[in-house]
Amino acid sequence: MDQGTVNPKMKLEDQGINGVGFVYYNRSEAELQAAAIAAGEGVEGQGGTFLVTTGKHTGRSPKDKFVVRTPSVEDTIWWENNPPMDSDKFDVLYADMLEHMKGGSYDVQDLFGGADPAHRLDVRVITELSWHGLFIRHLLRRPELAELESFTPDFTIINCPTFKADPEKHGCRSDTVIALNLDAKLILIGGTEYAGENKKSVFTLLNYLLPEKGIMPMHCSANHALNNPVDTAIFFGLSGTGKTTLSADPTRVLIGDDEHGWSDRGTFNFEGGCYAKTIGLDPEAEPEIYATCSMPHTVIENMIFDEETKELDFDDDSLTANMRCAYPLNYIGNASESALGGHPKNIIMLTCDAFGVLPPISRLTPAQAMYHFLSGFTSKVAGTERGVTEPEPTFSTCFGAPFMPRRPEVYGNLLRQKIASHGATCWLVNTGWTGGAYGTGSRMPIKATRALLTAALDGSLVENQFRKDENFGFDVPMTCEGVDAVLLDPRATWADKAAYDAQATKLVGMFSDNFEKYVPFIDADVKAVAIG
């Protein structure tokens, strides 16, 4: 039985999905939340939010993600980074999942991936859990009612958390599976309730499809100057580097917080919402994100709360440090309605250096930008994972290796071409440690980071005197209004200068060792700036 607005020629049975008990098409946020609460999937929180936990999976499962190996994609997938699945195994997986779905109730959301109509992807997301429908309705872009009546998906995602994969039968690693079949235009997700798998599956698709059109897909946030979309800035960064926080600047217009494309027309958000970390969320430093945690239908994921009052505990990470909130973009007061911007004038690469070596901001040449983009450096700190007793480097190429189906050089070369074509200025910003490594030093003051970014984006920082960093070779400003000059020289912030020198040598060596695998694929000028 069916309910809701849908293309009458594109119901589930038209896709070969038969025997499902009840199908709800394109329910609203209020309807999805009410259904999820009625089904016991979660509870209503303060302000009408939706509070939910995701069981054993409180984050993505990158080792359980597979790409189906077929002749059409054999030469274009980065197989070292994307474990293959045999197409016959996928067919069995799909048949078994369809059998599992029979008699059950499912939500269908027909949505767009991409704010630019010329380059968007039409995606159908079929979810076993109603709150997953609410989540993806926030995170992707919602068609108008008239568009739904003729909506035909380019790709379909089926997400069944109660389905358990069989590694031997289905060619996967565990009972959790995320399988992408580019030929069949299908993504199957099973064995995990973590909602982020839905959105990152769409991102992976766009990362594969868009480069063929000359469009650079980017794991970045973006904003532009007030009343001036041409003055656009993008912020690359891995989790925990400040991508969401720093782009949500009340003096600029937010385009989006996580995934964007750069076409020949400019920048466009892939999404219609935000998925922000909430651990330690500060109402003073991050007021707009904090406010979304008490707005109707915001999905509050894996946060500890008072059972009676539903008050949230932003510091209790006993479930996970990866607790998050998901909300529509319009919950941010200064968000762009169109989610479109110009060609980036400034490109910021964010890193959290727990070694305390990198300056708070550095200016990069185009060759250095490609080097740091391919490196994708940040660091884990002691206590974040069992067994981590000192800072550990994390190099995630293109600042998003888990979502990159093509080789890194494809994205690096695209970025380089666009920087050359549009003259963007590139910066490396360290939001990590100063005055010592993690455990000795202190976290980079967010006020200083914001002041440096403001000066970089308004053009005043380039007018200052710069010095050449002796370890990495990039340019570092010697002064900036509102920032203690000592902070701009990391070595000067360390009490033990010899310890700084040893730490810097160690980090340089880590960069050099990591980059060796890219040397055969890069041009001479990038090789020339490779450190070590």
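## A walk outward from Ser263

Let's start with a small detail: the side chain of Ser263 reaches the backbone nitrogen of Arg265 at a distance of 3.0 Å. Keep in mind that this is a predicted model, and that every distance here is computed from it.

Where does Ser263 lie? Look in strand 15, which covers residues 259-263. Is Ser263 buried or exposed? It counts as buried, because its relative accessibility is 1%, and the cut-off for buried is under 20%. Setting aside residues up to four places away in sequence, Ser263 touches Asp116, His119, Ile215, Phe268, His343 and Lys418. Take His343 from that list: it is 80 residues from Ser263 along the chain, yet the two C-alpha atoms are separated by 8.2 Å.

Now step over to Arg265. You'll find Arg265 in the loop between strand 15 and strand 16 (266-269). Unlike the buried Ser263, Arg265 counts as exposed, because its relative accessibility is 54% and the exposed class begins over 50%. Exposed or not, Arg265 has partners: with residues up to four places away left out, it touches Asp116, Ala118, Gly341 and His343. Asp116 and His343 turn up in the contacts of Ser263 and in those of Arg265. With Asp116 there is also a polar contact, side chain to side chain, at 2.6 Å. For a sense of scale, try Gly59: from Arg265 it is 206 residues away in sequence and 34 Å away in space, C-alpha to C-alpha.

Next, the nonpolar interior. In soluble globular proteins, nonpolar side chains tend to end up buried together. Here the largest nonpolar core holds 48 residues, and Phe236, Ile347, Met349, Phe373, Leu415 and Leu507 have the most contacts inside it. Helices and strands both feed this core: among the elements giving two or more residues are strand 12 (216-225), strand 23 (344-351), helix 10 (408-422) and helix 13 (497-515). Helix 13 gives the most, seven residues. If you want one residue to click on, pick Met349: leaving aside neighbours within four places in sequence, its contacts include Phe236, Phe373, Leu415, Trp427 and Val429. Apart from this core lies another, of 41 residues, with Leu111, Ile187, Leu206 and Ile215 among them. Ile215 should ring a bell, since it is one of the residues that Ser263 touches.

On to a sheet. Strands of a sheet pair through backbone hydrogen bonds, and the pairing can be parallel or antiparallel. One open sheet in this model has five strands in the order 3-4-18-21-17, and its pairing is mixed. Which strands sit at the edges? They are strand 3 (43-44) and strand 17 (273-277), each pairing on one side only. Strand 17 runs antiparallel to strand 21 (residues 324-328), and five bridges join the two. In one of these pairings, Gly273 has Pro328 of strand 21 as its bridge partner.

Finally, zoom out. The chain has 14 helices and 31 strands, and its C-alpha trace spans about 70 × 55 × 50 Å along the principal axes. The radius of gyration is 23 Å, which agrees with the value near 24 Å for a compact globule of 532 residues. Of those residues, 60% count as buried. Among contacts between residues at least 6 apart in sequence, 72% join residues at least 24 apart. As for the surface, the chain exposes about 20,400 Å², with carbon and sulfur atoms supplying 50% of it.

Key: Residues numbered from 1 in each chain as written. Heavy atoms only, no water. Helix = DSSP H or I, 4+ residues; strand = E, 2+ residues; numbered from the N terminus. Buried < 20%, exposed > 50% of the residue type's maximum accessible area, 1.4 Å probe, protein only. Contact = heavy atoms within 4.5 Å. Polar contact = N/O pair within 3.5 Å; in protein donor to acceptor, adjacent residues only side chain to side chain. Core = buried A, V, L, I, M, F, W, Y, C linked by side-chain atoms within 4.5 Å. Rg over C-alpha atoms; globule rule 2.2 N^0.38 Å. Areas by Shrake-Rupley, 256 points an atom, 1.4 Å probe, with all protein chains shown as cover. Pairing = 2+ DSSP bridges.
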